[in-house]
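Reader: I would like to go through the core and the empty spaces of this model, with the terms explained.

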Amino acid sequence: MTVLVTGATGYIGGRLVSRLVERGVPVRLLVRDARRIRGRWWEHDVDVVTGDLFDAASVERALDGADQSYYLVHSMTHADDFAERDRIAARNFVHAGRDLRHCIYLGGLVPEGENVSRHLQSRGETGAILRGGLPTTEFRAGPIVGSGSASFEMVRYLAERLPFMLAPRWITNSVQPIAVRDVLTYLVRAREIEAAGIVDIGGADVLSFRDMLQGYAKIRGLRRTILAVPVLAPALAALWVDRITPIPRRLAQPLIEGIAHPVLADTTKARALFPEIRPMGYRTAVERALVRLSEHAVESRWSDALGESTSYELRDREGVLEETRTIYVDAQPDQVFRAFCRLGGDQGWLAWNWLWKVRGFLDRLVGGPGLRRGRRDPAWLYVGEAVDFWRVELVERPRLLRLRAEMRVPGLAWLQFTAVPEGQGTRLIQTALFAPRGLLGLLYWYAMYPAHLVLFPGMARAVAELARTEPLTATEPRLRAQP
C-alpha cells in the first residue's frame, strides 16, 4: 500500500517519513527540490516525485498508484494571497487523488464565530476542501511542543530572554498544547482506520500560554514575572515575537492567533478511535524537547520549510561577481569539510563574529531573518536547512558546501567552501559570489568589499585551524524516531 507524503521536508513531514520507513511502509514523496532529502538516513528507501501542488501534472504523477496520502503543506508564510494558494493546492490534490482510499490532513483547531483570523479560516477551509472531495481524516491540533517546533521555540526564547513581560490579556486564554511525538503517533496510526472526518487532538493538560511560559521557566530554573494588560493586538504581538525570537512575523501571527482566539480540543472522538494513545503532559513534552536539544538530536526544525523565500540555484558565473581566497591546510579533506560545515549557529562564524552579528542586526531591521534561526545541528548539514541567514544549497562530502543567502540584499548571493586534496594536506577554497541586481547591487558589493578584506581571510584561517582539531574520521549520526 503506497503512501504519498506531501510536506516531507517540513517540520512534521520530515519526522513522519522516518517513522513510516521504519515500519516498512512503501513511501513516495512529492517535493519541490529532490536534493533536500540528501543525507537523510531514509533517502534511498523512498520514491521521489519532483513537483509541487500548483503543478497539476506532477500531483497526478505523485498520486498514481497511491492508496493513502498525508497532506502536510500550507502557504501561511507566503504573501497576502496565502488563502487562495491553499485553496488552489487543495483543489488540485482532490482532483488528482480521486482514487485515494484515505487522505490524512493535519490542520489546526478552528474557533467558532465571526472573528476568526484569515490564517485559521484558511486551515479550516483546506480541511473542508479535502473532506469534500476525498475520504479524509482531518486532525486538528493546538500548539505543538517538540524540539525545533515553532510553538516551542517561541516559548523557549521568550522565557529565556525576558525576565519580565507585559503581555496581552489573551495570554490567559486556555490552550491545549500537544507533544510532537503524540501528533506523529496519531498520524501513523490513522493509516489503520477508515477516514474519520474531523478529529481534535490535544495533550493531557489544559493551560494558558502564560502557564506554558512559566512552566518552561520552572523546568529551566528561571524566575519570570508575566503581567497581562488589555492591549497589544495579535498583529503587534507577532511583530514583538519577530524581534525577540527566531520566529518571523508571518509565522508568529497564526501561532498567536491560535491563542488569542481560545479553543480547546474535544478529544472524545480521538479517545474512541485511538484508545491506546495516551497523550503526555506539557512538562514531559518540554523536558523531552530540551533533552533532544542538549543531545543535538533534533530531527527537523520549523525553519526547514522554504516558506516565502525564493528558491534559486547557482548555475553559471555569467554576470556573477566572485571573490575567492585559498589556504593550504595540514589536514585531510574530510577534516576540512567537517570544519566549514560547523559554521553558524552557536559556533558563530569563527572570525570577526561581531561583524556578523552587526550584519544580522541590520538584516532584521529591514525585515530579513538575521542570525536568529541558528541551525539544527552543530556539526552536520542537510540540503535545504537554514543556517542563520543562509540556506544550505549543496552538500557534497567531503568536498563542497554551498550556502545561499536569504538575507535582504540587492541581488543573489552565495558563500561556498571547497576542500581539494593537495599533497599530504588540503587546499581550502573559500568563495563569495554575488549576482547584483542593477546599479544598487553593484554599489552594495563594493560598499561591502572593505569588510570582506578583513572578514573572509580571517574566516579562512579560522576554518583551517578548526580543521586541524577535527578527528581523522567521523560518522554522521542517523537520527531516527525515538519511542
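Reader: What makes the largest nonpolar core a core, and which residues have the most contacts inside it?

Author: A nonpolar core is a set of buried Ala, Val, Leu, Ile, Met, Phe, Trp, Tyr and Cys residues joined through side-chain atoms within 4.5 Å, where buried means under 20% relative accessible area (1.4 Å probe, protein chains only). The largest such set has 39 residues, and Val-5, Ile-12, Leu-29, Phe-139 and Leu-187 have the most contacts inside it. Elements giving two or more residues to this core include strand E1 (3-6), helix H1 (11-22) and helix H6 (180-189). This is a predicted model, in which local features need pLDDT of at least 70 and side-chain atom pairs count only at pLDDT 80 or more, while totals for chains, interfaces and linings use all residues. Residues are numbered from 1 along each chain as its sequence is written, and side-chain values use heavy atoms, with hydrogens and water left out.

Reader: Why is the space of about 120 Å³ called a cavity?

Author: On a 1 Å grid over the protein atoms alone, a cavity is a set of points where a 1.4 Å probe fits but cannot get out, and lining residues have an atom within 4 Å of a point. The space of about 120 Å³ is the largest cavity, so a probe placed there cannot get out. Of its 15 lining residues, Arg-15, Val-180, Arg-181, Arg-288 and Arg-292 are the closest to its centre. H11 gives the largest share of the lining, four residues.

How values were computed: Buried < 20%, exposed > 50% of the residue type's maximum accessible area, 1.4 Å probe, protein only. 1 Å grid on protein atoms, 1.4 Å probe; cavity = no way out; pocket = protein on both sides within 12 Å on 5 of 7 lines; lining within 4 Å. Points joined across faces, edges and corners; volume = space filled by probe spheres on them.
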